[in-house]
Amino acid sequence: MLRFVNFNSVLLEKHCSNCKSTKVYRLRQAPYCGSCNNNTTIITTPKLEACIATKDKKILDVQVIGAAVDLVLALDRAFNQIYIESVSEARDTLATTSRFGRFKINASGHVVAYETEP
Ligand SMILES: [Zn+2]
């Protein structure tokens, strides 16, 4: 079972679409990357902390990042959109969400795949 933790510190990470640097900001209204020294497109990625309780009662700390967030949540809207509209709604959603099923976790502790058990 997966549930989300520390949802009060949910963050949306902004990074450059070219070089993935997080040194992005708005310069005269235009999105700009301090690593590329150029205008760029800023990608916003949710980064959530969660823990998974395994069948043998171990607790794993994991992160759910980017596309995996919507894969695991499977809401009717993208999580980013909910967060941008209402941070408190996004937190409530995480606080009340748990997921059962099979999770695939990579070496960095990121959830990379999820399927519900039949
Ligand atoms: Zn860049």
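**Chat about strands, helices and a core**

Me: Which residue in strand 7 does Glu49 stand opposite?
Reply: Glu49 stands opposite Gln63 there. Strand 6 and strand 7 (residues 59-65) run antiparallel, with seven bridges joining them.

Me: Hang on, what kind of model is this, and how are residues numbered?
Reply: It's a predicted model, where local features need pLDDT of at least 70 and side-chain atom pairs count only at pLDDT 80 or more, while totals for chains, interfaces and linings use all residues. Numbering starts from 1 along each chain, as its sequence is written.

Me: And what counts as a strand or a helix?
Reply: Both are DSSP runs, numbered from the N terminus: helices are H or I with at least four residues, and strands are E with at least two. Two strands pair if DSSP finds at least two bridges between them.

Me: How many of each are in the protein chain?
Reply: There are three helices and 10 strands. From the N terminus on, the order goes β-β-β-β-β-β-β-α-α-α-β-β-β.

Me: Back to strand 6. Which residues is it, and how many bridges join it to strand 1?
Reply: Strand 6 covers residues 42-53, and three bridges join it to strand 1 (residues 2-4), running antiparallel. Arg3 has Cys51 in strand 6 as its bridge partner.

Me: What about strand 2 and strand 6, how many bridges there?
Reply: Six, again antiparallel, with strand 2 being residues 11-16. Lys14 has Thr44 in strand 6 as its bridge partner.

Me: What's in the hairpin of strand 6 and strand 7?
Reply: Five residues sit between the strands, and Lys57 takes a positive phi near 65°.

Me: Now the open sheet: what's the order of its three strands?
Reply: The order is 3-4-5, with antiparallel pairing. Strand 3 (24-27) and strand 5 (38-39) are the edge strands, so called because each pairs on one side only. Strand 3 is joined to strand 4 (residues 30-33) by four bridges, and Arg26 stands opposite Pro31 in strand 4.

Me: Where is Gln29 found?
Reply: Gln29 is in the loop between strand 3 and strand 4. Its phi is positive, near 75°, even though Gln29 isn't a glycine.

Me: Is Gln29 buried or exposed?
Reply: Gln29 is exposed because just 6 other C-beta atoms lie within 10 Å. The cut-offs: 20 or more other C-beta atoms within 10 Å of a residue's own is buried, 12 or fewer is exposed, and in between is partly exposed, with C-beta atoms placed from the backbone.

Me: And Ala74, where's that found?
Reply: Ala74 is in the loop between helix 1 and helix 2. Phi of Ala74 is also positive, near 50°, and Ala74 counts as exposed because it has 10 C-beta neighbours inside 10 Å.

Me: New topic: how many residues are in the largest nonpolar core?
Reply: 16, and Leu48, Val64, Val69, Val72, Phe79 and Val111 have the most contacts inside it. Helix 1 gives the most to this core, with four residues. A nonpolar core is a set of buried Ala, Val, Leu, Ile, Met, Phe, Trp, Tyr and Cys residues joined through C-beta atoms within 7 Å.

Me: What is Val111 in contact with, leaving aside its neighbours within four places in sequence?
Reply: Val62, Val64, Ala68, Val72, Phe103 and Ile105. Being in contact means that the two C-beta atoms, placed from the backbone, lie within 7 Å.

Me: How many residues are in the protein chain, and what share is buried?
Reply: There are 118 residues, and buried ones make up 18%.
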